[in-house]
Amino acid sequence: MGAAAHADATHGIAMYGSPALPAGFDHLPYANPDAPKGGRIRLGESGGFDSLNPWILSGRAAAGVAAYTVESLMGRSADEPFTLYGLLAESSDTDEARSYVEFTLRENARFSDGTPVTVDDVMWSYETLGTKGHARYHTAWAKVAKMEQTGPRSVRFTFDAPDRELALLMGMRPILKKAQWRGKDFAASTLEVPIGSGPYVVDRFEPGRFISLKRNPDWWGKDLPLNRGQYNFDEIRYDYFGDGGVVFEAFKGGEIDTWRETNSAKWAREYTFPAVSSGKVEKAEIPHHRPSGITGLVFNTRRPVFADWRVREALTLAFNFEFINATLNDGTEPRISSYFSNSALGMAPGPATGRVAALLAPFAGDLIPGTLEGYVLPIADGTELNRGNSRKAMRLLEDAGWTVDDDGVLKNAQGAPFTFEIVLAQGAAEVQSIVDIYTEALTRLGIAPRLTTVDDAQYKERTNTYDFDMAWYTRALSLSPGNEQMLYWGAQGVKQPGSRNWMGMNSPAAEAMIAAMLAADSEAEFTAAVQALDRVLTAGRYVIPIWYSKVSRLAYDRDLHFPRRIPLYGDWPGFQPDVWWYEAVK
């Protein structure tokens, strides 16, 4: 069996079709193999950190630890929707049905302390993450029927569910050093520096203030084709500041080297400070082709006040996107029309047809209106009062049992006023501006929203335990959605702390679409399943979406450089600082 299995072992694996890069490729197409090594990049973060264990639910982990100090069996290319190439593993093997996957470790793979990465480390890491790690690791692990060592450097995972993505997911888990964790509680937050096999090691840190990662000169993987032209800085340093506004001021003052601007109007008007004028700071717009994802105000439907979709639609009508966009962005940014908009995975306008309609048909009786018929977000007239949509909102609220009394207070049949809490993290100035305009509109409807701002630690605790009525929600989505979708939208997250299902949705249709996506044996079937899921999510009115940008706006020190060949995913993931380098401009 071993000889037959390894006869088909390959250098990479793609979700559909074959990897774009052949065996023996020299470097990733968006990396510069001639990039010089040296220098440092200083990055800014808001909030703080109190842990160096980013693989568990508790604690606030420091930036960079997960990305740069440990590695997985396979590494992802940011230039393909979902393709992995060998990293710690020299090869992978699976069958047509993807009922199993087998990896063979590279003989020279080493942890930063010089000890070899072994199959024992791999198996311990997978079981520990799947049982004691963050919830994001649990779904895939639950589908592993058997994990076994099949050779001195090989390990096989056999699955008990029809899920074609599992063969790839098993290549993406961080591999930790088993001996370091012997006798310790893995699920407990800790400031012990993890021993990994990645390009960087933790050099210095002060909890809540900064962490410095130093490039490991003895890194075992520096000459791998997947890594050539990447991880060029001698030091990656993250400095922590109170909030996003302070981080921007730190960038303007030269305390950090780069800043990602999310406000198009600010980008156009406010980048006239001395460092820009003198040429010390340069600006770039990086295009991308990834889905819009979802960003906006999320309803916690665990709360009775938001359980009725008509109420959620009414409050979406009250959100005056056109006025807010004009006020904050000069009206330049497109609105997020669905979770997977800006991609072929997004739902088509109008009624569901073809395979999408067939996938949704068994759930037709329980689907929220608009799922099959087609749903479009409300469009306001652009005026501040938004009278037309306000009238529509009031009619929906009345249909749901809410009426305005003589004092202008919206109440239900029991006489309870319509009031709820909006929880925001401190320092999010743009979000605060959006919410301020929105709450004024709600007040005109007789609704009494309460705004609460909390620090970073409190915000994480409250959202992890769903202790909010409405909150600010951001969920980036890729061109290769898979098992993580169950963590985002699955019914288990209604009660399980730490999921991404902040809205508390419990939709058999959504879970069925995710299952169809995972079992799809062709790209067409996969696309139809995602488009159907997109309809369920969007018509569910779980989030009031704002805008997205088709480019990433980066301002950076002129001594930092990046390849002009931009990957499919733009600047996320695997772009900054991965393929950047330092070279002083004279």
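**Exercise 1. The nonpolar cores**

Task: find how many residues the largest nonpolar core has, and which of them have the most contacts inside it.

Solution. Start with the count: the largest nonpolar core has 163 residues. A nonpolar core here is a set of buried Ala, Val, Leu, Ile, Met, Phe, Trp, Tyr and Cys residues joined through side-chain atoms within 4.5 Å. Buried means under 20% relative accessible area, exposed over 50%, and partly exposed in between, with a 1.4 Å probe and protein chains only. Next come the residues with the most contacts inside this core: Leu73, Phe157, Leu315, Tyr339, Leu397, Phe418 and Trp489. Helix α17 (residues 523–539) gives the most to this core, with eight residues. Apart from it lies another core, of 14 residues, including Val247, Ala250, Trp267 and Phe273.

Before going on, please keep in mind that this is a predicted model, in which local features need pLDDT of at least 70, side-chain atom pairs count only at pLDDT 80 or more, and totals for chains, interfaces and linings use all residues. Residues are numbered from 1 along each chain as its sequence is written, and side-chain values use heavy atoms, with hydrogens and water left out.

**Exercise 2. Leu315 and its helix**

Task: work out which residues Leu315 touches, and what the buried residues of α9 pack against.

Solution. Begin with the residue. Not counting residues up to four places away in sequence, Leu315 touches Phe299, Phe306, Leu397, Phe418, Phe420, Tyr438, Leu442, Ile447 and Ile544; contact means heavy atoms within 4.5 Å. Now widen the view to helix α9 (residues 309–318), where eight of the 10 residues are buried. Helices (H or I, at least four residues) and strands (E, at least two) are DSSP runs, numbered from the N terminus. The buried residues of α9 are Val311, Arg312, Glu313, Ala314, Leu315, Thr316, Leu317 and Ala318. As a last step, look at their surroundings: the buried residues of α9 pack against β14 (294–299), α12 (387–399), β17, α13 and β20 (543–545).

**Exercise 3. The partners of β17**

Task: say whether β17 and β18 pair in the parallel or antiparallel sense, and find the hand of the crossover between them.

Solution. Strand β17 (residues 419–425) is mostly covered, with five of its seven residues buried. With strand β18 (residues 448–454), β17 pairs in the parallel sense over seven bridges; two strands pair if DSSP finds at least two bridges between them. You can check one bridge directly: Ile422 has Leu451 of β18 as its partner. From β17 the chain crosses through helix α13 (residues 429–444) to β18, and this β-α-β crossover is right-handed. Right-handed means that, with the strands pointing away from the viewer, the path from the first strand over the helix to the second runs clockwise. Finally, turn to strand β19 (residues 470–475), which runs parallel to β17 and is joined to it by two bridges. There, Val423 has Ala471 as its bridge partner.

**Exercise 4. A three-stranded sheet**

Task: give the strand order of the open antiparallel sheet that holds β1, β3 and β4.

Solution. The order is β1-β4-β3, with antiparallel pairing. β1 (12–14) and β3 (74–76) stand at the edges, each with a single partner strand, so one side of each is left without a neighbour in the sheet. Between β3 and strand β4 (residues 83–86) there are three bridges, and Met74 has Gly86 as its bridge partner in β4.

**Exercise 5. Aromatic pairs**

Task: classify the ring pairs Tyr68 with Tyr231 and Phe251 with Phe273.

Solution. First, the rule: rings of Phe, Tyr and Trp (its six-membered ring) pair if their centres lie within 6.5 Å; planes under 30 degrees apart count as stacked, over 60 as edge-to-face and the rest as tilted. By this rule there are 33 aromatic pairs. The rings of Tyr68 and Tyr231 have centres 6.2 Å apart and planes at 75°, so this pair is edge-to-face. Tyr68 lies in helix α2 (residues 65–68) and Tyr231 in the loop between β10 (210–215) and β11 (235–241), so the pair ties together parts that are 163 residues apart in sequence. Both Tyr68 and Tyr231 are buried.

For Phe251 and Phe273, the centres are 6.2 Å apart and the planes at 85°, so this pair is edge-to-face. Both Phe251 and Phe273 are buried. To finish, place them in their cluster: ring pairs link Phe248, Phe251, Trp259, Trp267, Tyr271 and Phe273.
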